[in-house]
Amino acid sequence: MLPPLKPIPVKDRVSVVFVEKGQLDVLDGAFVVVDKHGVRTHIPVGGVACLMLEIGTRVSHAAVVLAARVGCLLVWVGEGGVRLYSAGQPGGARADRLLYQASLALDDAARLKAVRKMYALRFKEEPPARRSVEQLRGIEGARVRKMYELIARQHRVEWKWRNYDHTEWGSGDVPNRCLSAATACLYGVTEAAILAAGYAPAVGFIHTGKPQSFVYDIADIFKFETVVPVAFRIAATQPQAPERAVRIACRDAFRQTKLLARIIPTIEQVLAAGDLPVPKPPEESVAPAIPNKEQLGDAGHRG
Amino acid sequence: MLVIVVENAPPRLRGRLAVWLLEVRAGVYVGKYGKKVREMLWRQVQEGIEHGNAVLAWATNTESGFDFETLGQNRRIPADMDGLRLVSFLPDGPKRKEEDAGPNAT
């Protein structure tokens, strides 16, 4: 008998794989994409943080089960790789961590401390003292607009503003399309990492009210170091297929910045800045009848 | 770290590879060499493979941590997924026949 399948840590994985068309299935226990000519391509899902399924794909029940077992996040994306829906069980199964995150988000002082930490990590300097979350958000917005302009000028790209109509993919100009494709990759891996660490993607600190508020919070810390320079660099070359060129370049940027090894420690740093204790389980609570097995993956992985 | 796997290779090539690499299973050679030596080894394979086929895989600083190169006909062919290199397995049936029919038809 083969030993049971278990997830491995996110840091040891490849960031994203996009599957354009074909039937996703399991053959001999392996995850495969079968195209209409019968060509089979194995995807090592256990070693992938996030699998992006594009418009021409169909997924079998067995394929979803296998992806869930090994902790690979499945994301269904639309044109240009922009996220529509995600599923799977890469993690997010730790009540203590969810309660910790929620207690920080509910406490105004702790939330401000976490937001200030995000600002410090993002701009590599301490934010001005005595500012509210609202004020910090304003300062941040102004700085971000300036950075877009600066990076556009560095790559000699004509930049108007960050605009896109997410209902109509072709409507944006080339730099905006490159940016959307690049951020989609970043959001995919960030969501996979947040879930793997056992936290909730919806409970944000700067961003609120979206299913991925916390994903945007964390992704923003890495955005100007990874995907924004990549997007403008590719936009400057006026590529035939911007999405593909952007994804190849993102893969390199993620590797060079060691993104996958840094996301989870960064999340912990941000939350620790809130200065609240991790909530202890109440004394009368019942421990699991079957103790959890030792696992190889991250804390939030369902082993 | 590099691995060379040969199929249907003439014995003289297999002997040649064993000069630098360790044959851990039939046709599977392992070693640890730099780029220059790797290219020299691959030239040996290119010159000596005849009707067989071969693959060379080595450690790099790509995201997957390795890269590979192939030589000769095989049902497994490299597939590029936006910069990540995977392998596609061709079906046994019609595709093969098409290839066989190709030269005869013309």
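This passage walks through several helices of chain A, two of its buried residues, and the overall make-up of chain B. The model described here is predicted.

A good place to start is helix α4 of chain A, which covers residues 133–154. At 1.5 Å a residue, its 22 residues should span 32 Å, and the C-alpha atoms at its ends are 31 Å apart, which agrees. Several of its residues are buried, namely A:Val133, A:Leu136, A:Glu140, A:Val144, A:Tyr148, A:Ile151 and A:Ala152. These residues lie on the same side of α4(A), because they cover an arc of only 130 degrees around the axis. A general point about helices helps in reading this pattern: an α-helix has 3.6 residues a turn, so residues three or four places apart point the same way. The other side of α4(A) carries A:Arg145, A:Lys146 and A:Arg153, which are exposed. The cover over the buried residues of α4(A) includes three helices of chain A: α3 (108–123), α5 (174–196) and α7 (227–236). After α4(A) comes A:Arg156, which has a positive phi, near 55 degrees.

Helix α5, one of those covering elements, also packs against helix α8 (residues 242–256) of chain A. Two packed helices are described by the angle between their axes and the distance between the axes. For α5(A) and α8(A), the angle is about 45 degrees and the axes are 9 Å apart. The two helices are therefore oblique to each other, and their crossing is right-handed. On the α5(A) side, the contact is made by A:Arg177, A:Cys178, A:Ala181, A:Ala182, A:Cys185, A:Leu186 and A:Val189. Helix α8(A) contributes A:Pro242, A:Glu243, A:Val246, A:Arg247, A:Cys250 and A:Phe254 to this contact.

Helix α7 of chain A brings a single residue into view, A:Ile234. With a relative accessibility of 10%, A:Ile234 counts as buried, because the cut-off is under 20%. Leaving aside residues up to four places away in sequence, A:Ile234 touches A:Cys178, A:Pro239, A:Pro242, A:Ala245, A:Val246 and A:Ala249. Among these neighbours, A:Cys178, A:Pro242 and A:Val246 also belong to the contact between α5(A) and α8(A). The C-alpha atoms of A:Ile234 and A:Val174 are separated by 9.3 Å, although the two residues are 60 residues apart along the chain.

A second helix pair in chain A is formed by α6 (residues 213–223) and α9 (residues 259–272), whose axes cross at roughly 115 degrees and come within 11 Å. This crossing, too, is right-handed. From α6(A), A:Phe214, A:Ile218, A:Ile221 and A:Phe222 take part, and they meet A:Leu259, A:Arg262, A:Ile263, A:Thr266, A:Ile267, A:Val270 and A:Leu271 of α9(A).

Away from these helix pairs, A:Gly71 is found in the loop between α1 (61–69) and β5 (73–77) of chain A. Its relative accessibility is 4%, so A:Gly71 counts as buried. Between A:Gly71 and A:Val203, the C-alpha to C-alpha distance is 21 Å, and 132 residues separate them in sequence.

Chain B, finally, has three helices and seven strands. Read from the N terminus, its elements follow the order β-α-β-β-α-β-β-β-β-α. Chain B has 106 residues, of which 32% count as buried. Among its contacts with a separation of 6 or more, 39% come from residues 24 or more positions apart.

Terms used: Residues are numbered from 1 along each chain as its sequence is written. Chains are lettered from A and ligands numbered from 1 in the order in which they are written. This is a predicted model: local features need pLDDT of at least 70, side-chain atom pairs count only at pLDDT 80 or more; totals for chains, interfaces and linings use all residues. Side-chain values use heavy atoms; hydrogens and water are left out. Helices (H or I, at least four residues) and strands (E, at least two) are DSSP runs, numbered from the N terminus. The expected span of a helix is 1.5 Å times one less than its number of residues. Buried means under 20% relative accessible area, exposed over 50%, partly exposed in between (1.4 Å probe, protein chains only). The arc is that of the directions from the helix axis to the C-beta atoms. Contact means heavy atoms within 4.5 Å. Axes are lines fitted to C-alpha atoms, for helices over the stretch in contact, and angles run from 0 to 180 degrees between N-to-C directions. Angles under 35 degrees count as roughly parallel, over 145 as roughly antiparallel, 65 to 115 as roughly perpendicular and the rest as oblique. A crossing is left-handed if the near helix is turned anticlockwise from the far one by less than a right angle, and right-handed if clockwise.
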